[in-house]
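I opened this entry to record what I looked up, one contact at a time. The notes follow the order in which I worked.

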Amino acid sequence: MRKIWAAAAIAGVLGTVGPVYAQETVKVGVVLGLSGPPAIVDFGESYLQGLKLALKDHEAKNPKTKIDLVVYDDEANPQRAVSVVQRLIQNDRAPIVIGTVSSGNVLAFAPILQRASIPLVAGPAIATPITTQFIDQKPSFIFRCSMVEKFQIEAILDWGVKTFKKIGLVHSTTGYGSVSAKEIEAGLKARGQELVAIEAAAPGVNDLTPQMIKMRDAGAELVLNFHESFELIYRPMARLNYRPVIAGNWGLSSLKVEQIVGKEAIEGTVMGQALDLADPKAKAFDERMRKEYGKDYRWPVLASLGYDAGQIVFKTVEKVGKSDPKALRDALEAIDGVDAVSETPAKPFSPTDHECLDKEHVFLGVWKDGQVVRLKY
Amino acid sequence: MTLSNVFQLLMSGIAVGAIYTLTAKGLFIAHLATHRLNFGQGDFLMVGAYVTIGLMLLGVPAPLVLVGVLIVLGLLGWGLERFAIRPLDRAGDQTGGYAWVLTTAGAALILQNVVELIWGKAAQYAPPIFSATRNNVVHIGGVGIFVEELAIIAVAFVVVTAFYLFLFRTRWGKAIYAVAFNPEAAALLGVNVRGTVVLVFVLASLLAGISGFLVGPLVSVNPHMGLVFTIKAFAVASIGGFSNPVGLLAGGLLFGIVEAFSNYFDSSFGDLYPLIAVLILLAFRPTGLFSTRAADVR
């Protein structure tokens, strides 16, 4: 009898310590501007909303690899961005990183990740050289899922020169605004036109009346708006009796900008886009986001690119199944079958192309009856 | 440059200058009585703008909104004196002479974070105060002026006049000067020194409240908007001289006008020129344009 009890006890112990397969956890580092200038926070929070929804959807599929999202706020500060990326590499041992809003911050930490052989999916930063400066390094660890400034500007200029004779530009004095201004000037020159007026404004200004007087007096029919405070340009129009068409950065598609500027004033504003809300899939995503985040959801195209960046990264992690940066990079470059919400193709990357969006995926959107729709021209 | 452009720039400069004047006035009155400055004066304005937005969007009529804003800002001014200034006075020299810089700047940071928690970090829509839409422009001789701008210019002039009368013609005004001159002697003469100090902080805060109530539809309202106003109010107070209420009005309007014209002539550095002009002015007239050079006997 004692032997039976002993056997039963041993069996019980063995039963409890029997083979248990621990689920592998991979840390995905996320760096975004979640405090600081309001425009930066709008970008950062919207992209993160998309990422989080993508993670929720990924987890609903019962993946074999668990994902731990490690999110840091870079406060739109390049030094802090570099410091949190170093923390992600050294302390958190994240084998893959997503981020951030300010192009200057990405350009500051991308070389560190490239040297450490850790893949970066940049976004929602849009400066053109983010991927191009690394693509010749074999292999490049720098990818991006976001708008690309060059494609956005080219689309606007192609339409602009076709539709208007006189084009003006208001840009901010930040690095972003100045670089955009140079790209616009060069692009227009290549199309045989020149800006009739070019005006700048510091990031913290409250009134663009002097700049808009210059636009009006130069007879600008189209004013390109590349200032981070997207709403400021509309304010002096009523007092100056001047109603040019406004076109610019994809930021102009934010629901927050529409709310501040007003439905009437923003009607007809044109911007770079990569999400067509006429597409049923995009529409369904938009409705889901509204339900999920309520009034905090304010930027469909940003959220969609955050969602797609998340989808791509989580799918890659699932495929590799372990914290191996080099294997993750290779899998990322080869990823296929992405069911993107934005215009991102099913196979976004190749050894010579590390952008989710290429020139043909960027189109122009226009505010019409309270919604951004595809501009036909 | 056409004449109508000159007038347009003048008007928008005067309107912005009026906001700077009201903010600088808050700095001035607190400094006058206590030799302390509220480094969060611009953030008090920001709180005024947010409280206005919150109440307006709830459908509260504008006059009641103003009353609400003044109550909130009055309490904030009292709180600032009670918790950020008075404890330092009690501690005396142990805290060093400038600990109030830290406590007032700290209070400003707390306000920014509280506003972020309640309203979020994004810029906010500010409903118009005097009309249904935000395009309530009055055209005078080809120059377009927003009704809110007219209001803020009028308020700046009224407040300057009221302050002038208050400081030089009333018992409370004399009490402020007495406290500024010598708190101990003022106390011996029966002046309520503590009450006077509380009064100036509440008054400074109410000024920020009035500005905040009016500026919402004119500027970009966000939790970090205050710092720019604080910095420019310092510049304005330096031009006007920290002890002259009329000088502040002249300094504020001058600063706003120079800013509008410098943005017209060179928008890349438009915000820089007025500040450089202030630096040059202070190099030659350290007491400002309107203040007399006299030994400070306080």
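**Helix pair in chain B**

I began with H2(B) and H8(B), which are oblique to each other, because their axes cross at roughly 50° and the range from 65 to 115 would be needed for roughly perpendicular. The model I am reading is predicted. I noted that the two axes, taken over residues 41-57 for H2(B) and residues 193-215 for H8(B), come within 7 Å, and that H2(B) passes H8(B) in a right-handed crossing.

I then listed who makes this contact: H2(B) contributes residues including Phe44(B), Leu45(B), Gly48(B) and Thr52(B), while among those of H8(B) are Ala204(B), Ala208(B), Gly212(B) and Phe213(B). Sorted by class, the contact residues are nine nonpolar and seven polar, with no charged residue.

**Chain A against chain B**

Next I looked up the contact between the chains, to which chain A gives 28 residues and chain B gives 26 residues. On the side of chain A, I found two or more residues from each of H2, strand S7 (197-201), H8, H9 and H10, and H8(A) gives the most, with four residues. I sorted this side into twelve nonpolar, ten polar and six charged residues.

**Domains of chain A**

Last, I took the domain assignment of chain A, which gives domain 1 as 24-147 + 281-360 and domain 2 as 151-273; their centres are 29 Å apart over C-alpha atoms. Twelve residues of domain 1 and 18 residues of domain 2 make the contact. Helix H2 (38-60) and helix H4 (103-115) of chain A each supply at least two residues on the domain 1 side, which I sorted into seven nonpolar, two polar and three charged residues.

Methods: Residues numbered from 1 in each chain as written. Chains lettered and ligands numbered in written order. Predicted model: local features only at pLDDT ≥ 70, side-chain atom pairs only at ≥ 80, totals over all residues. Domains from an automatic or database assignment. Contact = placed C-beta atoms within 7 Å. Nonpolar A, V, L, I, M, F, W, Y, C, P; charged D, E, K, R; others polar. Axes fitted to C-alpha atoms, helices over the stretch in contact; angles between N-to-C directions. Parallel < 35°, antiparallel > 145°, perpendicular 65-115°, else oblique. Left-handed = near helix turned anticlockwise from the far one by under 90°.
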